[in-house]
Amino acid sequence: MTAIPVNVRLGLSMAQINASDWNGLMIGGVPFLRHEFLAALEDSGSVSQQSGWQPAHLTVTQGERLIAAMPLYIKNNSYGEYVFDWSWADAYHRYGRHYYPKLLTAIPFTPSQSPRILLSEQTAMERIIPPMVNAIKDYLDEQGMSSWHMLFPEQPGLTDLLSLGLARRVGVQYHWLNHGYQSFDDFLATLSSRKRKNMKKERQSVVAQGVNFQHINAADATEKDWQTFYRFYQSTYEVRGQRGYLSKSFFEQIARTMPDNLFLIMARQHSDYVAGALFLKDTNTLYGRYWGCDQEFYNLHFETCYYQGIDYCIKHGLKKFDAGAQGEHKLRRGFEPLITQSFHWIADAGFRQAIMNFCQEEAAHIEQYKDHAEEYLPFKKSWHIDNKLAE
């Protein structure tokens, strides 16, 4: 029996893709991959050609059935990506070439690891990668684009991309991992005495300033709650003379369309909110994303964005807390360094080889850095030994 051929389409917006079909693919419950999240980015204008993120999503159908998909964007800059390729763009410019526009598979403004190639349960990765990659390469040629990049993928089977000529680049993030803790005190008990005292002191300093916290599920948040949170969110950018990437209507839309996946943690002093952060979640992971405050409070950022999240993970049995990209200060608060990856197809053969060489050299330094960073974790020596043996 002859197999039904697959049809690969590029250049779609989320409005052109059926939400049930998209969400019916294997997205692992990750909130950032839901049709509702990606559609809200587009509907709110946070993601658009004007913002440098033109939707160009990819779908693979067999007959009338959607069997695979991939978030895809045409980028005319490298803002909001968190895998930095500005030096690559500069190299193109020095040789009189154009690096932009480029194609990007990523979640806009969201440096979180998750699947990037979404599959139906009956579709094998090794079967679908070649036609998808070939279609992307053809699209790059047709549109005169320099490259295609896949950022923060986390799923098996992606090594097939290497055999198709893509370069693999690695980086480091800091995630808190739940090693079966029953309480925050249980977590503290794994720390060295000095680090445990420091962490307690940080938490107590927030209480001493008269600050307490309210967790507000998205379904229960009022218009005033969202207005207040959005003011905090924008304040984070305003101190740098910028505006936040995301519009208020984006937050309001995901609160309506996927309320079970998000909640606010608001800091209150007396009767007034003074800071707040938005968290997203799935059945396995807590994601801390957007934070801001009206005024400076000692250690308030650490409490709101880290310790409150750790508390939440322990109480709800979540295995991992991804509090965002970068931030070596997370190490001494128990966030462990983990390797992330990205894949890159460079259309020009000369630049492709140079970037492959760069990625290989960089990877050796990243691995050394990760090993060095582990030395700054606050855990007892016995904890390090036990976890190394477990690996």
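The following conversation asks how the names and values given to parts of this predicted model are justified.

Visitor: What should I know about the model before we start?

Guide: This is a predicted model, in which local features need pLDDT of at least 70 and side-chain atom pairs count only at pLDDT 80 or more, while totals for chains, interfaces and linings use all residues. Residues are numbered from 1 along each chain as its sequence is written, and side-chain values use heavy atoms, with hydrogens and water left out.

Visitor: Why is H57 called buried or exposed, whichever it is?

Guide: Buried means under 20% relative accessible area, exposed means over 50%, and partly exposed lies in between, with a 1.4 Å probe and protein chains only. H57 has 0% relative accessibility, so H57 counts as buried. H57 is found in strand β3 (residues 57-62), where strands (E, at least two residues) and helices (H or I, at least four) are DSSP runs, numbered from the N terminus.

Visitor: Which residues does H57 touch?

Guide: Contact means heavy atoms within 4.5 Å. Not counting residues up to four places away in sequence, H57 touches a list of residues that includes R9, L10, G11, E42, M70 and L72. The side chain of H57 also reaches the backbone nitrogen of L72 at 3.1 Å.

Visitor: Why is H98 placed in the class it has, buried or exposed?

Guide: H98 has 69% relative accessibility, so H98 counts as exposed. H98 is found in the loop between α3 (86-94) and β6 (102-105), and, leaving aside neighbours within four places in sequence, H98 is in contact with Y92 and S146. The C-alpha atoms of H98 and G144 are separated by 9.4 Å, although these residues are 46 apart along the chain.

Visitor: How do you know which strands belong to the sheet that includes β3?

Guide: Two strands pair if DSSP finds at least two bridges between them. Between β3 and strand β4 (residues 65-70) there are 5 bridges, and the two strands run antiparallel; T59 stands opposite A69 in β4. The open sheet has 4 strands in the order β1-β3-β4-β7, with antiparallel pairing.

Visitor: What makes β1 and β7 edge strands?

Guide: Each of β1 (6-12) and β7 (118-119) has a single partner strand, so one side of each is left without a neighbour in the sheet. Helix α4 (residues 125-143) packs on this sheet, touching β1, β3, β4 and β7, and its direction makes about 45° with that of β1. Such axes are lines fitted to C-alpha atoms, for helices over the stretch in contact, and angles run from 0 to 180 degrees between N-to-C directions.

Visitor: What is the order of the open sheet of 11 strands?

Guide: The order is β2-β5-β6-β8-β15-β9-β14-β13-β12-β11-β10, and the pairing is mixed. At the edges stand β2 (53-55) and β10 (211-217), each with a single partner strand, so one side of each is left without a neighbour in the sheet. Neighbouring strands of this sheet are turned by 30° against each other on average, direction ignored.

Visitor: How do you know that the pairing is mixed?

Guide: There are 3 bridges between β5 and β6, which run antiparallel, with I74 standing opposite L103 in β6. There are also 3 bridges between β6 and strand β8 (residues 147-151), but these run parallel, and T105 stands opposite M150 in β8.

Visitor: Which way do the residues of β6 point?

Guide: K102 and L104 point one way from β6, L103 and T105 point the other way, and all are buried. In a regular strand the side chains alternate between the two faces of the sheet.

Visitor: What covers the buried residues of α9?

Guide: In helix α9 (residues 248-257), F250, F251, E252, Q253, I254 and A255 are buried. Their cover includes α2 (35-43), α8 (223-238), β11 (262-269), β12 (272-281) and β13 (285-293). Of these, α8 lies across β10, β11, β12 and β13, running at about 80° to β13.

Definitions and conventions. A polar contact is a pair of N or O atoms within 3.5 Å; within protein, one must be able to donate a hydrogen and the other to accept it, and residues adjacent in sequence count only if both atoms are side-chain atoms.
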